[in-house]
Every structure is written in structure tokens, then in C-alpha cells.
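Got the model open in your viewer? Good, then follow along and select each stop as we reach it.

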Amino acid sequence: MELFLQTVGSIYDETRVKILKFINQNGEVCVCDIENSFDMIQSRISRHLKILKEGGFLRVERRGTWAYYSVRSPLDEFRLSVLKEIDSLDIDIPELNKGCSI
């Protein structure tokens, strides 16, 4: 039950839904790219990403000073259906705006 509630709670926010759709559409992205694309401060983006990761949707890989996020694979059936539903939503997400150099 706790895992279910944590998963559902992680997407109970419009910004997190947009970030999840953004990452799913763009593949692996650096946190700095998400910051630039959403025009938000790093601490706010990091909080949203942490919640989505704890909800079981994202994986993170650190490379030097940067963190790269992607949709976790494989996803269980429930999270996969949630992700498909989010992808079908008619919501505006920003275009990928690269924000850092490696």
C-alpha cells in the first residue's frame, strides 16, 4: 500500500507530470537541461526529480558534477500505464533547451 501511495503521490503535481512527460519524450537529460527548459531554479527542479525518483519513475546517473535523469526501465505495469496516460495528455511542455556543457 505504501509503495502505491508513494507512486500516486509523486505524480500529484502538475509540474512533476510535465517534467515526467518531458523526460519521457527527450530521453536521458541533464538536470541543467531541465532547469533551462523549465526556467526554474535548481533546488526546485531537484525536489521534483527526487519525488519522481522515489515514486519509481526515474533513474539518475551521475557523471562528474552533473546528474542525468531518464525514465526507469523496465517499469512495472502500473507505472507504465501511468506514463502512457501522461503521454496522451494534451499538455504543453517546453522544448529541450540545453543548459550545460560537459
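Start by showing the side chain of Ser 88 and the backbone of Glu 85: in this predicted model, a polar atom of the Ser 88 side chain sits 2.8 Å from the backbone oxygen of Glu 85. Now colour helix α5, which covers residues 77-88, and you'll find Ser 88 in that helix. Switch on a surface and look at the same serine: Ser 88 has a relative accessible area of 51%, so with exposed meaning over 50%, Ser 88 counts as exposed.

Before leaving, add Leu 5 to the selection and draw a line between the two C-alpha atoms. Ser 88 and Leu 5 are 22 Å apart in space, with their positions 83 residues apart in sequence.

Next, the charged pairs. Side chains of opposite charge can pair when their charged atoms come close. How many salt bridges does the structure hold? There are seven, and we'll visit some of them.

Select Lys 50 and Glu 54. Their side chains form a salt bridge, with N to O at 3.4 Å. Why are these two separated by about one helical turn? Colour helix α4, residues 42-54, and you can see it: Lys 50 and Glu 54 are four residues apart in that helix, so about one turn separates them. Put the surface back on for this pair. Lys 50 is partly exposed at 46% relative accessibility, and Glu 54 is partly exposed too, at 40%.

Now jump to Glu 61 and show the side chains of Arg 59 and Arg 63 with it. Which residues does the Glu 61 side chain meet in salt bridges? One is Arg 59, at 3.4 Å from N to O. Another is Arg 63, where the closest N and O atoms are 3.1 Å apart.

Keep these three selected and check how open they are:

- Arg 59: partly exposed, 33% relative accessibility.
- Glu 61: partly exposed, 28% relative accessibility.
- Arg 63: partly exposed, 34% relative accessible area.

For the last stop, add Glu 28 to the selection. Glu 28 belongs to a network of salt bridges that links it with Arg 59, Glu 61 and Arg 63. Turn the view until you can follow the network through Glu 61, whose side chain pairs with Arg 59 and with Arg 63.

How values were computed: Residues numbered from 1 in each chain as written. Predicted model: local features only at pLDDT ≥ 70, side-chain atom pairs only at ≥ 80, totals over all residues. Heavy atoms only, no water. Salt bridge = Lys/Arg side-chain N within 4 Å of Asp/Glu carboxyl O. Buried < 20%, exposed > 50% of the residue type's maximum accessible area, 1.4 Å probe, protein only. Polar contact = N/O pair within 3.5 Å; in protein donor to acceptor, adjacent residues only side chain to side chain.
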